[in-house]
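Got a minute to look at a fold? Here's a short tour, starting with the overall build and ending in the core.

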Amino acid sequence: MGTPLPKTWVKVRQEITKLQDQGIDYIPFADYQTICRKYNLDDITISSLSQLFHDLGVFFHFQNNIKLRNTIFLNHEYVTQGVYKIFDDKNIIESNGEFTEQDLIEVLQNTPYEHKQAELLSLCEEFKILFKKGKQYLAPQLFEEKKPDVDWDFTNNLHYKYSYGFMPKGIVSYLIVAMHEKIYQHHYWRYGVELCYEDTFALVEEKRLGKRNQIDIRIRGRKKNEFLTIIREQLNGINNKFTNLQIKEEVGCICEECIVSEKPYLFDLDRIEKAINKRILKLQCQNSFINVDIEKILGYYDFKKLDEDRITKNELRKGFDRIHNHLRKQDSHLREQDKILINISSQIDQLETDLLSNLSEILKAEFETIKLEIDNLSKENGEAIAHELMTSIAKEKDKMTTQQREILEKLNQSSENWQAKVRFSIPVLKQLGVDIGCEYELNNIVKGIGTKLKSWLERSSSSSYPQAMRDFK
Ligand SMILES: [Zn+2]
């Protein structure tokens, strides 16, 4: 997270802030390009920087939307007020969020948005708060509150439930927008929707019952698993836009009693996973007390895919990844250094693991203490001790493996990184059986650690050599 931005980027940011301070609501993309070119940024950088500023909330720029790519919205307030103009309009509210372009032209007449109607509509679509169906625009947040007559057969349903500690407003509205192409007939209302996918149907409802906030999903038809996966992908994407949501997922029991019930017993997804990890094959339904095969519960949906989309990253993270990638590309030298360091660090890990694998618990603990003491050294003392250890090793260079010699050379090239040098030296010293003497004259702390290390190396030499060392013994 602490990646510093290049100076030129900061300059661009300052110019943007200046425009914002002047009360300018939006500028053409070309103007932003002109600013960036003043600081010699190329087209690729200009575009990734704009994406970054968008992700960080500096301004709005939807560069992949053909209707929005030529405008940079500098003022968030301008955009939100515009959205409110639509959502607070008496006529649009009365028509339960359904309106045409002509209606919108009337709503925005004599407002600062008179010449930005198309952009405002596209922004609402980007924010996933409305969608287009034929010539109509629909805003689910304004749908009728009352559930329409939906004839639903509760038997043989796949029942899935999301429970939220805190459920942000409008989760189902966002889902309706995201999945509007699958809405079945006119079966939608403010808190729910019936969706249809091939010959499979899903009833999704938002339920707020006191402190229990839930999204309830029932699916019936031939492709229950597939449809749940599609819905979950969308819903998880929406949930990930909010930070710190506590969400529990449950799946309905399919025992003979539950499968025909409107309220099946619900198994916690985490508990199912725990059971699987413990190689438990059956779980008991707490309604019927029948033991149910986990496989059969899971047979109702695709478990593997569930795991995969748990890893979805949130939007901001993507923004930072983008900067990071950009910086890497800009500085290929840095990239090479990174690679070497990652490589070295994993090799040192391996050396240390090998070293510790054959030691007694006492020696392991002592080693950890010595390491901790070394970690706590000041830079100056750390470098001193690293220098002593590396010098002792260098004398026995011929006995080292090619790989070790490579690491030694790379570490010697960089004056930084004394921690890596110390971490590398200790296992190798033991392996080579080098007497480090006790030549640390620098100061008492370093000398103290040196003495400890020396006696530790001597004692640990009496135990058998780890696998990796046998090659040259
Ligand atoms: Zn059951």
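What follows covers the chain, one sheet with its helices, and the cores.

This is a predicted model, where local features need pLDDT of at least 70, side-chain atom pairs count only at pLDDT 80 or more, and totals for chains, interfaces and linings use all residues. Residues are numbered from 1 along each chain as its sequence is written.

The protein chain holds 19 helices and 14 strands (DSSP runs, H or I of at least four residues for helices, E of at least two for strands, numbered from the N terminus). Of its 473 residues, 27% are buried, meaning 20 or more other C-beta atoms, placed from the backbone, lie within 10 Å of a residue's own.

Now the sheet: it's open, has 7 strands in the order β7-β8-β9-β10-β6-β11-β12, and pairs antiparallel (pairing takes at least two DSSP bridges). β7 and β12 sit at the edges with a single partner strand each, so one side of each has no neighbour in the sheet. Two helices pack on it, touching these strands (contact is C-beta atoms within 7 Å; angles, from 0 to 180 degrees, are between N-to-C directions of axes fitted to C-alpha atoms, for helices over the stretch in contact):

| Helix | Strands touched | Angle |
|---|---|---|
| α8 | β7, β8, β9, β10 | about 160° with β9 |
| α9 | β6, β8, β9, β10, β11 | about 155° with β10 |

The largest nonpolar core has 68 residues, with Val172, Ala202, Val204, Ile217 and Cys253 making the most contacts inside it. Such a core is a set of buried Ala, Val, Leu, Ile, Met, Phe, Trp, Tyr and Cys residues joined through C-beta atoms within 7 Å. Helix α8 gives the most to this core, 6 residues.

Notes: Buried ≥ 20, exposed ≤ 12 C-beta atoms within 10 Å, placed from the backbone.
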